Each structure stands twice: as structure tokens, then as C-alpha cells.
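Visitor: I have a chain open on my screen and would like to go through it with you. May I ask questions as they come up?
Guide: Certainly; please begin whenever you are ready.

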Amino acid sequence: MTIQQVLLLLLLWMLLPHPCHTEMLFRRTPDLRPKSFGGRASGNDGKAIHRQKRGWMWNQFFLLEEYTGSDYQYVGKLHSDQDKGDGSLKYILSGDGAGTLFIIDEKTGDIHATRRIDREEKAFYTLRAQAINRRTLRPVEPESEFVIKIHDINDNEPTFPEEIYTASVPEMSVVGTSVVQVTATDADDPSYGNSARIIYSILQGQPYFSVEPETGIIRTALPNMNRENREQYQVVIQAKDMGGQMGGLSGTTTVNITLTDVNDNPPRFPQSTVHLRVPESSPVGTAIGSVKATDADTGKNAEVEYRIIDGDGTDMFDIVTQKDTQEGIIIVRKPLDYETRRLYTLKVEAENTHVDPRFYYLGPFKDTTIVKISVEDVDEPPIFSRSSYLFEVHEDIELGTIIGTVMARDPDSASSPIRFSLDRHTDLDRIFNIHSGNGSIYTSKPLDREISQWHNLSVIASEINNPKDTTRVPVYVRILDVNDNAPQFAVFYDTFVCENARAGQV
């Protein structure tokens, strides 16, 4: 027979249940007291105290759990040294499970277990034994206590407290980085054999992860694991008792591992040049477009800050970082004029705000793009040469006299002729008129300073090609006085004088 066959038979024999045949003897304990003690001792009250000899000597009973035989399982035998074998003694059992789980043959002292016992429910039972004279019913030995200890067998597989674990580890972690520890428990007796000695192994998840056999700590097993390539992993861990040997029981659990993001990707503009258009009439603060640099990272690792670092439009435009969309919004900083300048060029930079020094070797965590902004022409309304006009005229001028001229021009490159008109709501009496072609204002009715010293007019300039495009300007006309009124008495005087009044009398 080979050594391997011998070892296999030995292993099978160890796994088979073996009833424990133990005999407990009630024996007289020899008197080991020094002779100087004598047989008596005196108490505090002077009375003699008789030392009673110990009548029992015990060892533990051992019983194998999960017995599957058809007969009652034999536990052991109680025996007193007072038993002469003539049937005069009677053995009595009391305590945990006495009479139900454990029964005793009152004549022979043999103890049997009536049913299968599970050590995981109760590991030991404490009972008391008594031997009495069957005829007198008086004890022949003092009652003594003993223990039936249940021997463990490997009948419980390791179990994990959770069927599914969730864990995470930063991407690009070095090999051996701890991810999570899983721990299984085994209800078998850890102090007896290897029934509760657990060894961990990985069934699924290699070559990315490994597990420490003794501790259940899961660690990374590959370098440079990139979240952008794969984010989720499912690892199956097995816990096996009997030290992982053949024949051991096992349990498994699943660990879902997520690679968390680190800033290992710089922002990148998808285009080297971006073209935008803006109408020249756009007010200051108008958003004219956006640029966006893409970043494969997530969260704060993908946050970027945009800035204009060069170009001929740095004073005309600004850029604002939109936090929720991670875009750079370009806005108008100063008024635009198509006729003055039609194209601007900006150099825009996007840079990560949270940089990880470990990945500096991957290059600068920023990128640039060129933004070309074309200013589009807008049909602008006419522009007057002044913001307001003031004309002064004497009240005695002839009808049709020109009192002043307003001037306006079309600011567009394709200049359009201008037509002028008076807003009649500001000249209800139609005292004035205007030449539509040249903007000359003249009188159409006599002026009278004593009736109205000021006339506030509104002149409208509109493009002939686009009459809806109009501009207004206020025109103030001041009437100057001339001596065109004779003196008048304020009241009618009526008085009386006596007929005999003297010369010179008031």
C-alpha cells in the first residue's frame, strides 16, 4: 500500500463518527492529609469538625455531535466503588437534559443520548450523579457534578454576513493596494481540529485582484488599472474550512468593486480653431458662444478653468467658466463696430483646477485653442451729428426763414440716403417745417414771443431704403424778443375835477 493510500484511509477514519466509551468511576479519594492533621479539626466554637472523605473522582464525558445511528448513542458509564455488583445500588441522573436527552440505566450506570445533538446549539451539558441504596434509598456517595462535552464535527460551512459587498479603490493604484476585507464565520468549534479554520481564495476576478488566504483582504493585482477603460469589476471570494483541504466545506460571496476616478487625464479641445459670429449691435455682456475642452475624468477631476491668454481681442471680449456645463462662455466686453473692425482672434486656455502631482509625467494638464470672432454688419439707424440742437430766432422773421439745420448719417458701410421729418405731436400748431432732404428747419407761421417763448420739437431721421430704421433728436427753439408792442395802460382811468379848480391842481 502506498503512502498516499495510507494517508487517504487515515483521513477518512478521522472524518467518521466514533462513539466515546468513557467510564466514570466513583472512587474513594485517598486521604492525602499530613498525619499531623489527625482526623479532627477544631472550629472557632471549639467543636470538633469531621472532614468527610471525597467519594467521587470525575473526568469529562465526550460525545460526538450529529450522531446518525439508529440506536441510542452510548455516552459512558457511571460506577461507584461501593457497587458490589449485587444490584443493591441505584444510579440517579439529574441536571441538563436528564431523563429526556440523557437517560441512565439505574442498575449499570450506563448513560445514553436519546437523539442527535448539535454542538452549535449547546456545547456542553452539566449533570449531577447520585448513587443510593436501593433498599434504604439512602445515598452511599455524596452527589457529584460532571460535564458532557460535545465534540465538534465539520457540519457547518463558512458563511459571509453579506451576500454582496460593495467596495471601491482609486484607479491607477499600485499593485497590492488594499480594497476591502471580507470575513466569513464558521459555527464549528475553532478550538477543536480544523473545522473552523478558514482559508480564502478568489474564484472570479483574476488577474485584476487577489485575496490574502488567511485574512480575506482583497488587493489589487495589476498595475495601471484605468477607470476610463473599465470601471466595474465583480469578484467572487470563496471561504473554505478545514484549512482549505480537500473535503472542507465552503461558502462564497460577491464583491462589486468600482474604480474611483483620479485626475490622470488632461483637458483637450476637440478642435484647434473655433469660429464664432457676433452682430455688431450686441450689447456689452452678451454671450456670443462657447468653447469646451473634454476631460475623460469625472467630478472635480474634470473641472477646468478657462482664460484668454493672447490675441488681438483681449480688450473686446472676456470668457467666463460655466461650472455646471464646464464650458467657457465668451461675452462682449466693449461695444462692437463692424465698420471699424470685422475680425478678432483670441487664444483660449483650459486648465484643470485640481491637479494630482503623481501624474505630472503625463504632461501639462491644460490645452489651448484659437477662437476667431467675426463681427457681422447690422443695418443701424441714422446717427445725428449732435445729441440735441438749440436754435435761437427773433420773433419778427419772415415766413419760410430757415432757423437751423440738423444733420444725420447712415453709419453702415453701404450708406443709405436720409430723410428728415418733424414729429407733429411736438408741433401741433404746425409753426415749423423741415426740408426732408437736408434737414433745414424753417418757419411756416409767424412767431410771437409773447405767446410762446420756447418750442420743443422732435426731428426724425430715417433711411430711405429702410424707413423703419429711425432715430430721433430733440430740437429746442428759443424765440428772441423784438420791440413790436406799444406801451399800454394796465387799467382804464376815470376821474373828476371841480369846475373852479385852479391851474396846476392835481
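**A conversation about the chain**

Guide: Let us begin with Lys77, which is partly exposed, with a relative accessible area of 22%.

Visitor: Which residue does Lys77 form a salt bridge with?

Guide: Its partner is Asp110, and the closest N and O atoms of the two are 3.3 Å apart. Lys77 belongs to strand β5 (residues 73–80) and Asp110 to strand β8 (residues 110–113), so the pair ties together parts that are 33 residues apart in sequence. Please keep in mind that this is a predicted model.

Visitor: Does Asp110 count as buried or exposed?

Guide: Asp110 counts as buried, because its relative accessibility is 19% and the cut-off for buried is under 20%.

Visitor: Stepping back, how many helices and strands are there in the chain?

Guide: The chain has one helix and 33 strands.

Visitor: And what share of the residues is buried?

Guide: Of the 506 residues, 36% count as buried. The accessible surface of the chain is about 30400 Å², and carbon and sulfur atoms account for 51% of that surface.

Visitor: What about contacts between residues far apart in the sequence?

Guide: Among contacts in the chain with a separation of 6 or more, 69% are between residues 24 or more positions apart.

Visitor: Back to salt bridges. How many are there?

Guide: The count comes to 21 salt bridges. One of them joins the side chains of Arg277 and Glu376, at 3.9 Å from N to O. This pair links distant parts of the chain, with Arg277 in strand β18 (residues 273–279) and Glu376 in strand β24, 99 residues apart.

Visitor: How accessible are Arg277 and Glu376?

Guide: Arg277 is exposed, with a relative accessible area of 59%, whereas Glu376 counts as partly exposed at 32% relative accessibility.

Visitor: Which residues are linked in a network of salt bridges?

Guide: Arg307, Glu349, Glu351 and Lys366 are linked in such a network. Arg307 and Glu349 are also bridge partners, with Glu349 in β23.

Visitor: Which strands does β23 pair with?

Guide: Strand β23 (residues 343–352) is joined to strand β20 (residues 304–311) by seven bridges, and the two run antiparallel. Strand β23 also pairs with strand β24 (residues 366–376), again in the antiparallel sense, over nine bridges. As an example of the pairing with β24, the bridge partner of Thr345 is Lys372.

Visitor: Now a new topic. Which way do the side chains point along β33?

Guide: They alternate along the strand. Thr471, Val473, Val475, Val477 and Ile479 point to one face and are buried. Thr470, Arg472, Pro474, Tyr476, Arg478 and Leu480 point to the other face and are not buried.

Visitor: Which residue forms a salt bridge with Arg472?

Guide: Arg472 forms a salt bridge with Asp423, and their closest N and O atoms are 2.7 Å apart. The two lie in distant parts of the chain, 49 residues apart: Arg472 is in strand β33 (residues 470–480), and Asp423 is in the loop between β29 (418–422) and β30 (432–434). Asp423 is buried, with a relative accessible area of 14%.

Visitor: Which strands sit beside β33 as pairing partners?

Guide: Strand β26 (residues 389–394) runs parallel to β33 and is joined to it by six bridges. In that pairing, Glu392 has Arg478 as its bridge partner. Strand β32 pairs with β33 in the antiparallel sense over nine bridges, and Ser462 stands opposite Thr470. A hairpin of six residues joins β32 to β33.

Visitor: What is on the surface there? I noticed Trp454.

Guide: Trp454 lies in strand β32 (residues 454–463). Together with Leu390 and Tyr476, Trp454 makes a nonpolar surface patch of about 310 Å². Trp454 is partly exposed, with a relative accessible area of 43%.

Visitor: One last residue: where is Asn133?

Guide: Asn133 is in strand β9 (residues 124–133). A polar atom of the Asn133 side chain lies 3.0 Å from the backbone nitrogen of Thr136.

Visitor: And which residues is Asn133 in contact with, leaving aside its neighbours within four places in sequence?

Guide: These are Ser88, Leu89, Arg138 and Val140.

Key:
Residues numbered from 1 in each chain as written. Predicted model: local features only at pLDDT ≥ 70, side-chain atom pairs only at ≥ 80, totals over all residues. Heavy atoms only, no water. Helix = DSSP H or I, 4+ residues; strand = E, 2+ residues; numbered from the N terminus. Buried < 20%, exposed > 50% of the residue type's maximum accessible area, 1.4 Å probe, protein only. Contact = heavy atoms within 4.5 Å. Areas by Shrake-Rupley, 256 points an atom, 1.4 Å probe, with all protein chains shown as cover. Patch = residues over 30% accessible without salt bridge, like charges linked within 9 Å, V, L, I, M, F, W, Y side chains within 5 Å. Salt bridge = Lys/Arg side-chain N within 4 Å of Asp/Glu carboxyl O. Polar contact = N/O pair within 3.5 Å; in protein donor to acceptor, adjacent residues only side chain to side chain. Pairing = 2+ DSSP bridges.
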